[in-house]
Amino acid sequence: MTANPAPTWHILGSGSMACLWSAYLLASGHTVRMIRREPPPRAEYHELVLETAAAVREFQLTLEARDAGDPLTRLLVCTKAHEVSGALRPLAPRIATDACVVLLQNGIGFQDEAARIAPRAQLYCALTTEGAYLKAPFRVRHAGIGHTLVGGYPAGDLTRTGQLATELRATGLEIRVTTAIDSALWRKLAVNCAINPLSAAHGCSNGALLDEPARHAEFLALCREISAILQGLGRNELALEVEADATAVARATAHNRSSMLQDLDAGKRTEIEYITGFLCRQAHLAGIASPRNDALYARIRALEPA
Ligand code: KPL
């Protein structure tokens, strides 16, 4: 990574996380260009509004076509998990050698696809607990202050990850670094497997998985199955913590509707393939029974738009 004080960040996606990071990077003096699937005729601008508890700030965001031509040196991928490969592939010729490509999604499976598409880039995964939602297109509300964990993928080079973290910390957002992103991804996967499909199947908030006795019993049985799968896959330490982790997250996000439920409500495809789907495939390959997860996977696929 060069010592450019404010390099250009390209942002892939236009949802709440894409707008949140664009706004914070712009506020910290970076040039930001949002890459659009529908190519604008030439680079154009869009007003971007960031609402926080303290202020409402406006920025000029540059929109850019996928084939704009300039090399990409820093790319933050904020699409849904199932969109990562399709969004990255057309950009592959523009991704510079040693570019930082940061993947900010739920789930596992697309990271290896991204590594194949951009083999010369430095790939990172980021897991965030920042809470944000779009009040309207390009108007984002930063609703909950959290932190973002960043690690090199597949293995962490601490020096380079540290440089990236320092650059991202200029935004004022809390950035933490890990050399073990794989464990963090699996921990988040286990929590998402316990909360997302069940809340989506019941159409309920995360907290409602704990409140109502029948749903809570289902939640606990699901946690036990996820735990048994993780144990069968040799992830013993994580296996022991599934129920406590998922319960703590469901409690902390009690009023949230999970991203999977929000996707279904919006008539969109969900990330089930890279959450429960990934876990079930690993279980099947290892010969581990996963009937509850299999059933939830089938249920969510049936609820998705054709
Ligand atoms: O990550 C989430 C999601 O909805 O995708 C949780 C942690 C379950 C919060 O809603």
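User: In this predicted model, how far does a polar side-chain atom of K188 lie from an oxygen atom of the ligand?
Analyst: K188 belongs to the residues that surround the ligand. The atom in question is a polar one of the K188 side chain, and its partner is a ligand oxygen. The distance between them is 3.0 Å.

User: How much of the ligand's own accessible area does the protein cover?
Analyst: On its own, the ligand has 280 Å² of accessible area. The share of this covered by the protein is 85%.

User: Which residues surround the ligand?
Analyst: Asparagines appear in the shell, including N106 and N192. The shell divides into 2 nonpolar, 7 polar and 1 charged residue. The full set is N106, K188, N192, I195, N196, N206, V249, N256, S258 and S259.

User: Which helix gives the most residues to the shell around the ligand?
Analyst: Among the surrounding residues are K188, N192, I195 and N196. The top contributor spans residues 181-202 and gives 4 residues. That element is helix α5.

User: What separates an oxygen atom of the ligand from an N or O atom in the side chain of N192?
Analyst: N192 is one of the residues around the ligand. An N or O atom of its side chain faces a ligand oxygen at a distance of 3.1 Å.

User: Where does N106 lie, and is it buried or exposed?
Analyst: N106 is placed in the loop between β6 and α3. Its relative accessible area is 15%. Buried means under 20%, so N106 is buried.

User: Which side chains make polar contacts with the side chain of N106?
Analyst: N106 also has a polar side-chain atom 3.0 Å from an oxygen atom of the ligand. Within the protein, one contact of the N106 side chain is 2.6 Å, with the side chain of K188. Another, of 3.5 Å, involves the side chain of E271. The partners are K188 and E271.

User: Where does S258 lie, and what separates its C-alpha atom from that of P197?
Analyst: S258 sits in the loop between α8 (236-252) and α9. At 4% relative accessibility, S258 counts as buried. S258 and P197 are 61 residues apart along the chain. Their C-alpha atoms are separated by 8.6 Å.

User: Why is the pair of F110 and Y274 classed as it is?
Analyst: The whole structure holds 2 aromatic pairs. In the pair of F110 and Y274, the ring centres are 5.7 Å apart and the planes stand at 70°. Planes over 60 degrees apart meet the cut-off, so the pair is edge-to-face.

User: How many residues apart are F110 and Y274, and which parts of the chain does the pair link?
Analyst: F110 is in helix α3 (residues 110-117). Y274 is in the loop between α9 (259-265) and α10 (276-285). Both residues are buried. The pair links distant parts of the chain, 164 residues apart.

User: Why is strand β6 described as largely enclosed?
Analyst: Strand β6 covers residues 95-103. It is largely enclosed by the rest of the structure because, of its 9 residues, the number buried is 7.

User: Which strands are joined to β6 by bridges?
Analyst: Strand β5 (residues 72-77) runs parallel to β6, with 5 bridges. L75 stands opposite V101 there. Strand β7 (residues 122-128) is also parallel to β6, with 4 bridges, and L103 stands opposite C125. The two strands are β5 and β7.

User: What is the phi of D98, and is D98 buried or partly exposed?
Analyst: D98 is placed in strand β6. It is not a glycine, yet its phi is positive, about 70°. With a relative accessible area of 37%, D98 is partly exposed.

User: Where is F138 found, and what is its phi near?
Analyst: F138 is in the loop between β8 (131-136) and β9 (139-144). It counts as buried, at 8% relative accessibility. F138 is a residue other than glycine with a positive phi, near 65°.

User: Which peptide bond is cis?
Analyst: P154 lies in the loop between β10 (148-152) and α4 (158-169). The bond leading to P154 has omega near 5°. The cis bond runs from Y153 to P154.

User: Which side chain makes a polar contact with the side chain of S290?
Analyst: S290 is found in the loop between α10 and α11 (291-303). Its relative accessible area is 3%, so S290 is buried. The contact is 3.4 Å, and the partner is H284.

How values were computed: Residues are numbered from 1 along each chain as its sequence is written. This is a predicted model: local features need pLDDT of at least 70, side-chain atom pairs count only at pLDDT 80 or more; totals for chains, interfaces and linings use all residues. Side-chain values use heavy atoms; hydrogens and water are left out. A residue is near a molecule or strand if one of its heavy atoms lies within 4 Å of it. A polar contact is a pair of N or O atoms within 3.5 Å; within protein, one must be able to donate a hydrogen and the other to accept it, and residues adjacent in sequence count only if both atoms are side-chain atoms. Accessible areas come from the Shrake-Rupley method with a 1.4 Å probe; for residues, only the protein chains shown count as cover. Ala, Val, Leu, Ile, Met, Phe, Trp, Tyr, Cys and Pro count as nonpolar, Asp, Glu, Lys and Arg as charged, and the others, Gly among them, as polar. Rings of Phe, Tyr and Trp (its six-membered ring) pair if their centres lie within 6.5 Å; planes under 30 degrees apart count as stacked, over 60 as edge-to-face and the rest as tilted. Buried means under 20% relative accessible area, exposed over 50%, partly exposed in between (1.4 Å probe, protein chains only). Two strands pair if DSSP finds at least two bridges between them.
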